[in-house]
Amino acid sequence: VITGEPGVGKSLLSSRIHANSILKDRPIESINFQTYSERDQRIRLLGGSPPELPTTRRSILELPTTVILKHINFASRFLQERLVEAIQQREIIRLGTKDKRPIRGRLIFIFNESREGSLVPGLSKMLSKYHAINLPPLKKRKEDIPELAQHFFTQFQIQRRKQMDQNFIKLPLRNKWNENILELKSFIKTFDMPPDEIAIQQKDRIELAKMNLMIDEGREFSLKDSVSVIEKGIIQRTLKKHDDCQARAAQS
């Protein structure tokens with residue numbers, strides 16, 4: 001069980017656990033109960049052949065790999081209770097069938113620190129016996145930043161250059177990283193972006209990179225908030241250029 005505030009790297013840690021397990025050659029599987037529809041949750045977790053499906057699907061629990069269950073506290077009581085039964089019996093009964101199938105996956109549960117939603121008593125009791133890891137915010141473990149940054153350089157296939165290394169060395173000191181790994185990851189992504197106009201400074205480039213990452217990774221985000229951050233930076237720099245004269249700043 002891995003817990004922590006949003007963006008501290010719970011999914012990243014899960015992928016590293018998988019990469020260092022005997023299942024590392026198998027593709028990792030996951031389901032996010034906070035974003036999947038009830039129908040997709042049932043099909044993905046329990047498998048089977050509901051009337052609207054042309055074929056029978058396997059449950060994600062049947063797959064011989066690491067299975068990440070994100071925010072199971074947002075799943076319905078029915079699904080949580082079925083999951084408890086399946087884990088206890090090490091078998092799953094697919095939807096619309098009576099056949100029992102063995103569970104072969106290694107389960108990792110991910111929760112946000114706030115633990116919104118609710119767990120049925122049986123699942124809560126079961127998870128209390130699991131090995132638990134709580135990830136602190138990135139600003140409280142700055143010693144991890146260089147290694148994380150290098151990981152993202154490799155992930156984005158960015159070749160580090162002399163100028164880039166100067167910024168890289170300053171990473172632990174340059175920011176409080178209030179948005180945790182997403183902010184750090186976005187910062188690294190800016191090294192892969194082409195030079196922009198002078199008005200778009202580093203903070204804006206990070207915000208642009210963050211928007212692109214969230215789109216690529218299918219995360220929810222507020223376009224209005226991101227645009228506001230960029231607009232605010234441009235306005236502040238324009239005012240500074242014109243000695244805080246709003247009239248001249250508005251004209252430029």
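Two strands count as paired here if DSSP finds at least two bridges between them. Keep that in mind as you look around this predicted model.

**Stop 1: the whole chain**

Start with everything shown as a cartoon. The protein has 11 helices and 7 strands. Of its 252 residues, 42% are buried. Switch on a surface and you're looking at about 15200 Å² of accessible area, with 50% of it belonging to carbon and sulfur atoms. The chain also brings far-off stretches together: of the contacts between residues at least 6 apart in sequence, 65% join residues at least 24 apart.

**Stop 2: the sheet**

Now colour the strands. Five of them, in the order E2-E3-E6-E1-E7, make an open sheet with parallel pairing. Which strands stand at the edges? They are E2 (29-32) and E7, and each has a single partner strand, so one side of each has no neighbour in the sheet. In general, strands of a sheet pair through backbone hydrogen bonds, parallel or antiparallel.

Next, zoom in on E3 and E6. These two run parallel and are joined over 5 bridges. Select Lys70 and look across to E6: the residue standing opposite is Ile110.

**Stop 3: helices on the sheet**

Select residues 10-19, which make up helix H1. H1 lies across E1 (2-4), E3, E6 and E7, and its direction is at about 165 degrees to E6. Then pick H2, which also packs on the sheet. H2 touches E2 and E3, and makes an angle of about 150 degrees with E2.

**Stop 4: Thr65**

Go to Thr65, in the loop between helix H2 (38-46) and strand E3 (66-70). Is Thr65 buried or exposed? It's buried, because its relative accessible area is 2%, and the cut-off for buried is under 20%. Show what surrounds Thr65: its contacts from further along the sequence include His18, Leu23, Ile28, Arg104 and Gly105. Pro27 is another of these contacts, and its backbone oxygen sits 3.0 Å from a polar atom of the Thr65 side chain.

**Stop 5: aromatic pairs**

Show the rings of Phe, Tyr and Trp. There are 3 aromatic pairs to find in this model. One of them is Phe109 with Tyr130, edge-to-face, with centres 5.7 Å apart and planes at 80 degrees. Phe109 belongs to strand E6 (106-112), while Tyr130 sits in the loop between helix H4 (121-127) and strand E7 (133-134), so this pair ties together parts 21 residues apart in sequence. The partners have their own surroundings: Phe109 is buried, at 0% relative accessibility, and Tyr130 is partly exposed, at 25%.

Another pair is Trp177 with Phe187, again edge-to-face, at 6.0 Å between centres and 70 degrees between planes. Trp177 is in the loop between helix H7 (171-174) and H8, and Phe187 is in H8 itself, 10 residues apart. Both residues are buried.

**Stop 6: helix H8**

Since you're already at Phe187, select the helix around it, residues 180-189. How many of the 10 residues of H8 are buried? The count is 9, so the helix is largely enclosed by the rest of the structure. Besides Phe187, the buried residues include Asn180, Ile181, Leu184, Lys185 and Ile188. While you're here, try looking down the helix. An α-helix has 3.6 residues a turn, so residues three or four places apart point the same way.

Conventions: Residues numbered from 1 in each chain as written. Heavy atoms only, no water. Buried < 20%, exposed > 50% of the residue type's maximum accessible area, 1.4 Å probe, protein only. Helix = DSSP H or I, 4+ residues; strand = E, 2+ residues; numbered from the N terminus. Phe/Tyr/Trp six-rings, centres within 6.5 Å; stacked < 30°, edge-to-face > 60°. Contact = heavy atoms within 4.5 Å. Areas by Shrake-Rupley, 256 points an atom, 1.4 Å probe, with all protein chains shown as cover. Polar contact = N/O pair within 3.5 Å; in protein donor to acceptor, adjacent residues only side chain to side chain. Axes fitted to C-alpha atoms, helices over the stretch in contact; angles between N-to-C directions.
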